[in-house]
Amino acid sequence: MSNNIAVPATPAAHRPPTSSAPPSAAAVVAPTVHPVSFDSAQIKHDMKLCSDCVWDVEDLRDHQYRIGEVLFDPNRPDAIIAVYPTGSGKSHAMRVIGAMQRGIHLVFIPLLTLSADVMAKFSSASQSHGSVRAYHLDELYDNNKTRYQEVMKRCADLKRSTVSTVFLFLSPQHLCKVVSARTADLYSVWRRFCASREYRGFLQH
């Protein structure tokens, strides 16, 4: 009896590729993504300048500079959660960064009493480096519809190249209550500012 053992042939689909086989499309290597140049020192300089010129506050705290560095860095996500104690300067960081970026800024605050306190901090802005305005949409909508529509139109008419800054304070309840074309337009304009405006430096707009 023969002791030969027959080894079954490997199916073609299971054979390892030979060196003569053409390269697979999956083997294409993706191009290397290089980080965008970012000057942290320039951001700190501009934050200090804006704080002094627009808000009459000569300097900022370390964590306020840090918030600005993270938000302006194009290599980082465009969202941040800053949790600090009451009185630590969160509102000042927000108004400095807003005045540097220009355009529309939505500020959601659930408590009307708290928003009134924060609104007061935005009334002292110097107008010498561009218009800086703050509006409480809840109050305008409830008490002065005509003024409310004027603010909505002004925001809708703003161009991306604007040197104006508009802070819009509102509660989440306001968005649920107001269903209008103007509100939808405002949200679209705000999204356009967020998505396509590039920071070109304070006083260089």
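C53 counts as partly exposed in this predicted model, because its relative accessibility is 25%. C50 counts as buried, because its relative accessibility is 0%. Do these two cysteines belong to a disulfide, or to none? The structure holds zero disulfides. C50 is in no disulfide, and the nearest cysteine sulfur to its own, that of C53, is 7.7 Å away. Looking from the other side, C53 is in no disulfide either, with the sulfur of C50 as its nearest, 7.7 Å away. A disulfide needs two cysteine sulfur atoms within 2.5 Å, so a gap of 7.7 Å rules this pair out.

Let's move on to helix α3, which covers residues 90–101. Its twelve residues should span 16 Å at 1.5 Å a residue, and its end C-alpha atoms are 17 Å apart, so the two values agree. Is α3 mostly covered or mostly open? Nine of its twelve residues are buried, so to speak of it as mostly covered is fair. Among the buried residues are S91, H92, R95 and M100. Just after α3 comes R102, with a positive phi of about 65 degrees.

How far can you trust what you see? The protein chain has a mean pLDDT of 78, and 70% of its residues reach 70 or more. Among its elements, helix α1 (residues 40–55) has the highest mean pLDDT, 94, and helix α8 (residues 181–196) the lowest, 63. Over residues 1–16 the pLDDT is below 50, and this stretch has one contact in the model beyond near neighbours in sequence. Where pLDDT is low, the predicted coordinates should not be read in detail.

Methods. Residues numbered from 1 in each chain as written. Predicted model: local features only at pLDDT ≥ 70, side-chain atom pairs only at ≥ 80, totals over all residues. Heavy atoms only, no water. Buried < 20%, exposed > 50% of the residue type's maximum accessible area, 1.4 Å probe, protein only. pLDDT = per-residue confidence, 0-100. Helix = DSSP H or I, 4+ residues; strand = E, 2+ residues; numbered from the N terminus. Contact = heavy atoms within 4.5 Å. Expected span 1.5 Å × (residues − 1).
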